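Subject: Structure handover and notes

Dear colleague,

I am passing on the structure we spoke about, and my notes on it follow below. Please have it open beside this message as you read.

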Amino acid sequence: MRSIIFLLTFFVLQYSNAQRKGYWQQKVDYQIQVDVNEKNYQYDGKMQLKYTNNSDDDLQKVYFHLYFNAFQPGSMMDYRLANIKDPDRRMVTNKGSKEKPIYESRIARLQPHEIGYQKIKSITYNGKKVNYMVDGTILEVSLPTPLRAGTSAIFLLDWQAQVPAQIRRSGRQSSEGVEFSMTQWYPKMAHYDEFGWHLDEYIGREFVAPFGNFDVQINIHKDYIVGASGVLQNPNEVKGYVKNAKPKVKNGKVTWHYKAENIHDFAWGADPDYIVEKGKSKGGVELYFVYQPGPKTTQNWHKAINITADFFDFVGDRFGAYPWPTYTIVQGGDGGMEYGTATLITGERSLDSLIGVIFHEAAHSWYQHLFGINETHDEWFDEGFTSYIEQLGSLNWKKETILPNPNPEAYEGYFNLAKSGLEEPASLLADYYNTNFAYSLQAYYKGQVMAIQLGYIIGDEALKETFKQFYKEWKFKHPTPNDFKRTAEKVSGINLKWYFNLFINTTRFIDYGIEKTNTNELKISNLSDFAMPIDVLVEYQDGSKELFYIPLREMRGEKKPETFALYQSIKRTVLTDWFWTNPTYTIKTKKEIKKAEIDPTKRLADVNPNNNITQ
């Protein structure tokens, strides 16, 4: 009960506590009932949606996503698979050879009984029938009277759906034999914010949606066990969750009833072979592991319970407490994907692989589900920051020292992208990347570099405080990258406009070099068109060391001394700031120089680090 009160309090305050003047966000409250025909993989759905218009606009139309419609021959997703240079291998068949692949979309070969669809049978708006149009994966609803600013409306929808063959995230009969992976399975209200409606056709990337409450009832054959978002309301009436449960069977079926508060996506999986194991973090998060037992799963999934509990405590301490009462890991899908208080992942993995994917998807509980980031164009903010949290959690699990740069592999991935000739700006709409190669390296690697290198600019302690302050300001809201930038600026006192603009909106890269021009002088050169502050560690001939810090003029401030062991007992000298308009900077010393190195912490994303050390 305390958790529920805690959530409700935050929800009530989320508008008044918004840190950006004039900020608002829409709200959705879903009541959904589905009746599943497991023999033909179809279901009938009924939904009541209370939609609250907190904007200043009167809405003449509203929109829903019908994601299952993408899994049909001739869809935009089908054409995307057929025409992108490097399609997702899970979604295509290679008709050529390994050396000369010829990819064919798996969607193109789906038969009528294998396709996915969501067919709308009726819609009412405040009790009145409405005109609507289905266009691909978008449902457009014309309102008989406008939904006025500051008011709410009730939509009633009836629909009939078919679960597609397992191709991407959602589907039936996965490669591991899971019957139902139910994600993006209901008519989902599209997101409306200060930028307008977000009406991206589904081609396999990611999502954005308004926060709200879910009350979901799933009526399915009595032999099935369900794992889902939210809190199970009737564990004594279904299989698997409590001992001596007495399933409440009617016409051979059982109804699973779930509720979740303040989330923006609800997912579930179902299979007759599932078992349920439980754990609990020290912080009180109830963890559920729902999977098919067997030689490829049981041992590692059982081991994962306590490891996952520790991860929630670690991340909660460093990035802000996990605010929901439960988190559920369900075997299903085609890899791993995050949803509100749940994830669906493939389960037949080594322990390291299983933990890695659980850590990543659970970390999305912060950077995606606690902060409703728009993944359709800020995927680096979502995937990159999540990968950063995952890496810190992994190092903590393995009891490895967390170095100033906790993930050099992310830097190598970014360098490969920067040198590939395929990089596109990280601010590009996610769907529009010319290659999956560029999208993936940018989202997962460059996004991590963005965060780690920010610590180089403002200081490690300021970075930690930025994450905590951002949590206080933006939980249960929809922040933009600029909101994170503003938090970092307020915490550090440093202007960061230049960094966010150049690193996210361009493909410029960083390249510095250093040379010793005489025994008491160093020349540092900016060999690219991306200016940065510079740390230079100098070792003198007498064995002493000195750290020179050169702020960038555009920062209008400077970072505080850092506490890394590398810098302990070393004199720190702050020099005059460097103009980005000047390609060189000279350091003169009083002692004779033995050698010098730019950024020994390895956080500066210099694409050619070989010339960062004097010989």
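I begin with the helices, where helix 6 passes helix 8 in a right-handed crossing. The model is a predicted one, and everything below should be read with that in mind. Helix 6, which covers residues 379-397, packs with helix 8 at an angle of about 65°, and the two axes are 7 Å apart. On the side of helix 6 the residues that take part are Glu379, Trp380, Glu383, Gly384, Phe385, Ser387, Tyr388 and Gln391, and from helix 8 they meet residues including Tyr439, Gln442, Ala443, Tyr444 and Gly447, with Met450 also among them.

Helix 8 (residues 436-458) has a further neighbour in helix 11 (residues 497-505), the axes of this pair coming within 12 Å and crossing at roughly 160°. Since an angle over 145 degrees counts as roughly antiparallel, helix 8 and helix 11 are therefore described as roughly antiparallel to each other. Their crossing is right-handed. Helix 8 contributes Lys446, Val449, Met450, Gln453, Leu454 and Ile457 to the contact, while helix 11 contributes Trp498, Tyr499, Phe500, Phe503 and Ile504. Met450 of helix 8 is thus listed in the contact with helix 6 and also in the contact with helix 11.

Two of these helix 8 residues, Val449 and Gln453, reappear around Ala605, which touches them together with Tyr411, Tyr414, Phe415 and Ile510, residues up to four places away in sequence being left out of the count. Ala605 lies in the segment after strand 32 (593-598). Its relative accessibility is 0%, and it therefore counts as buried. Although Ala605 and Gln453 are 152 residues apart along the chain, their C-alpha atoms are separated by 7.0 Å.

Turning to the strands, there is an open sheet of five, in the order 21-22-23-25-24 and with mixed pairing. Strand 21 and strand 24 (336-339) stand at its edges, and because each has a single partner strand, one side of each is left without a neighbour in the sheet. Direction ignored, neighbouring strands of this sheet are turned by 15° against each other on average.

At one end of that order, strand 21 (residues 275-280) and strand 22 (residues 286-291) pair in the antiparallel sense over six bridges. Within this pairing, Lys278 has Tyr288 of strand 22 as its bridge partner, and Gly279 stands opposite Leu287. The two strands form a hairpin with five residues between them, and in the turn Gly284 has a positive phi of about 100°.

Helix 4 (residues 351-363) lies across strand 22, strand 23 (326-331), strand 24 and strand 25 (342-345), and runs at about 145° to strand 25. The loop between strand 24 and strand 25 holds Thr341, whose phi is near 55°, a positive value in a residue other than glycine. Thr341 is buried, with a relative accessible area of 3%.

A second residue of this kind is Tyr41, a residue other than glycine with a positive phi, here near 60°. Tyr41 is found in the loop between strand 1 (27-37) and strand 2 (42-52), and it is buried, with a relative accessible area of 10%. As background to both cases, most residues other than glycine have a negative phi.

Strand 2, which follows in the notes from that loop, pairs with strand 10 (residues 152-162) in the antiparallel sense over eleven bridges, and Tyr43 has Ala161 of strand 10 as its bridge partner. Strand 10 is also joined to strand 6 (residues 117-125) by eight bridges, and these two strands run antiparallel. In strand 10, Phe155 is the residue opposite Tyr125.

Last, which residues of helix 2 (residues 76-83) are buried? They are Met77, Asp78 and Leu81, and seen down the helix axis these buried residues fall within an arc of 105°, so they line one face of helix 2. That set packs against strand 4 (92-94) and strand 5 (103-105), whereas Tyr79 and Asn83, on the other side of helix 2, are exposed.

With best regards

Definitions and conventions. Residues numbered from 1 in each chain as written. Predicted model: local features only at pLDDT ≥ 70, side-chain atom pairs only at ≥ 80, totals over all residues. Heavy atoms only, no water. Buried < 20%, exposed > 50% of the residue type's maximum accessible area, 1.4 Å probe, protein only. Helix = DSSP H or I, 4+ residues; strand = E, 2+ residues; numbered from the N terminus. Arc of directions from axis to C-beta. Contact = heavy atoms within 4.5 Å. Pairing = 2+ DSSP bridges. Axes fitted to C-alpha atoms, helices over the stretch in contact; angles between N-to-C directions. Parallel < 35°, antiparallel > 145°, perpendicular 65-115°, else oblique. Left-handed = near helix turned anticlockwise from the far one by under 90°.
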